Amino acid sequence: MSTAPSPRTPEIATKLPAVGTTIFTVMSALAAEKNAVNLGQGFPDFHCDPQLLEDVTAAMAAGHNQYPPMPGIPALRDAIAAKIEALYGHRYSAAAEITVTAGATQAIITAILAVVRAGDEVIVLEPCYDSYVPNIELAGGSVVRVPLVPGSFRPDFDRIAAALSPRTRAIIINTPHNPSATVWTEAEMRRLEELLAPTEVFVIADEVYEHMVYDGARHESVARFPGLAARSFIVSSFGKTYHVTGWKVGFVAAPAPLMAEFRKVHQFNVFTVNTPMQHALARYMANPAPYLELPAFYQRKRDLFAAGLARTRFKLLRSEGSYFQCVDISAVSDLSEADFCLWLTREIGVAAIPLSAFYGDGFDQRVVRFCFAKKDETLVAALERLARL
């Protein structure tokens, strides 16, 4: 009598050999285990506007529960196009140049897959958000890492220029910047515009923190600069703007030829995005106050948190935008950034993220990142614990 072979799972050669569990997952799990105040992962711990929830309920009750159009419902695309024009002076066609996405992360990988071919080079400016590099690798591209200036985290245009080659297909920029909280200036955007003018390089502009810019400064969207807008995919996030990160709804704006390629990929990786949320967001966007008031809302939280940190031995770096505050730990500990964050979570009860996690080579400059998108009482509780340092 023959014996059937034992079931066997085929071996798989990973496409992402350098990817493991993200630092955000590790630190959030440790924070939960130690009952620490989690200022590591970047999400609010407060509720969104109840009106937005009412708008979702109304949309579901009205029967908006089936597939919407592939690029997003017209009302929401119209609202997005109108907002971009009002804020940045560039009119995108809602029909041909705006697509609603399943969050910014999906938007970024879709843009990369749309334009990057095997062997193409894509420039990333480190430290950078952790999805960029795996996205490029999944597209078969080659990652070219260019560091931002350590300490100030400003773009180094000499190094960017040196990194450009005939194989460069795209550059990913991020302002306001995660993790450093720096904001690109008009002069820096114009320098990038000039640098790329003679090239065929695309720009993927991660602008998810566009409404979080402080101290009277303004967000310099690539949409403001014709030479950049003509070659750019602009990515933004309703989750960040309206405190609903779990909804995973964002959008991309791009010139029609670029958007046509984007939609070819989009229709086969998500096809479309949550219908009632789209209807709710379209209705909610009729009032611009929530995003126009966001800088003041978060600046107050930034200032509350910074005032408390100023009473510790941390050295505060400038937080110009986003909802992050970076600090230099040199006067507090001799530990590496990663080890310090583990120690801080276990022994002090506050979770942070090491900036080394945002570099391919783990570059350690003794800086860690806190998120201040939290209730005031959460920030106060964290500051009470950090005062022990």
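**Close-up 1. Glycine 362 and a partner from far along the chain.**
G362 is partly exposed, with a relative accessible area of 36%. This view, like the others here, comes from a predicted model. Look for G362 in the loop that runs between strand 12 (353-354) and strand 13 (367-371). Its C-alpha is 9.6 Å from that of P127, although 235 residues separate G362 and P127 in sequence.

**Close-up 2. A four-stranded open sheet.**
Four strands form an open sheet in the order 9-10-13-12, and their pairing is antiparallel. Strand 9 (315-316) and strand 12 stand at the edges with a single partner strand each, so one side of each has no neighbour in the sheet. As a reminder, strands of a sheet pair through backbone hydrogen bonds, either parallel or antiparallel. Strand 10 and strand 13 are joined by five bridges in the antiparallel sense. To find one of these places, start at D328, whose bridge partner in strand 13 is V367.

**Close-up 3. Two helices lying across the strands.**
Helix 13 (residues 294-309) lies across strand 9, strand 10 and strand 13, and runs at about 15 degrees to strand 10. Helix 14 lies across strand 12 and strand 13, with an angle of about 45 degrees to strand 13.

**Close-up 4. Serine 333 in its loop.**
S333 belongs to the loop between strand 10 (324-328) and helix 14 (337-348). Is S333 buried or exposed? Its relative accessibility is 12%, so S333 counts as buried. A polar atom of the S333 side chain lies 2.9 Å from the backbone nitrogen of L335. Beyond its neighbours within four places in sequence, S333 is in contact with F340 and R366.

**Close-up 5. Arginine 231, buried without a salt bridge.**
R231 sits in the loop between helix 8 (226-229) and strand 7 (232-237). Which side chain of opposite charge is nearest to R231? That side chain is E200, 6.3 Å away, and the buried R231 has no salt bridge. There is a backbone atom to look for, though: the backbone oxygen of V201 lies 2.7 Å from a polar atom of the R231 side chain. Leaving aside neighbours within four places in sequence, the residues in contact with R231 include L196, A197, T199, F202 and L258.

**Close-up 6. A salt bridge between K301 and D376.**
Side chains of opposite charge can pair when their charged atoms come close. The side chains of K301 and D376 meet in a salt bridge, with 2.9 Å from N to O. This pair links distant parts of the chain, since K301 is in helix 13 and D376 is in helix 15 (residues 376-386), 75 residues apart. K301 counts as buried at 4% relative accessibility, while D376 is partly exposed at 25%.

**Close-up 7. A salt bridge joining two loops.**
How many salt bridges does a search of the whole structure find? The search finds 19. One pair to look at is R154 and E320, whose side chains meet in a salt bridge of 3.3 Å, N to O. The two residues are 166 residues apart: R154 is in the loop between strand 4 (142-147) and helix 6 (157-163), and E320 is in the loop between strand 9 and strand 10. R154 is buried, with a relative accessible area of 18%, and E320 counts as buried at 14%.

**Close-up 8. A salt bridge within helix 10.**
E261 and K264 both lie in helix 10 (residues 256-269), three residues apart, which is about one turn of the helix. Their side chains meet in a salt bridge of 2.9 Å, N to O. E261 is partly exposed, with a relative accessible area of 29%, and K264 counts as partly exposed at 45%.

**Close-up 9. Backbone features between strand 5 and helix 7.**
P176 is in the loop between strand 5 (168-174) and helix 7 (186-196). A cis peptide bond joins T175 and P176, with omega about -10 degrees. P179 lies in the loop between strand 5 and helix 7, and a cis peptide bond with omega about 20 degrees joins N178 and P179. A181 also has its place in the loop between strand 5 and helix 7. The phi of A181 is near 70 degrees, a positive value in a residue other than glycine. With a relative accessible area of 0%, A181 is buried.

Key:
Residues numbered from 1 in each chain as written. Predicted model: local features only at pLDDT ≥ 70, side-chain atom pairs only at ≥ 80, totals over all residues. Heavy atoms only, no water. Buried < 20%, exposed > 50% of the residue type's maximum accessible area, 1.4 Å probe, protein only. Polar contact = N/O pair within 3.5 Å; in protein donor to acceptor, adjacent residues only side chain to side chain. Contact = heavy atoms within 4.5 Å. Lys, Arg positive; Asp, Glu negative; His and termini not counted. Salt bridge = Lys/Arg side-chain N within 4 Å of Asp/Glu carboxyl O. Pairing = 2+ DSSP bridges. Axes fitted to C-alpha atoms, helices over the stretch in contact; angles between N-to-C directions.
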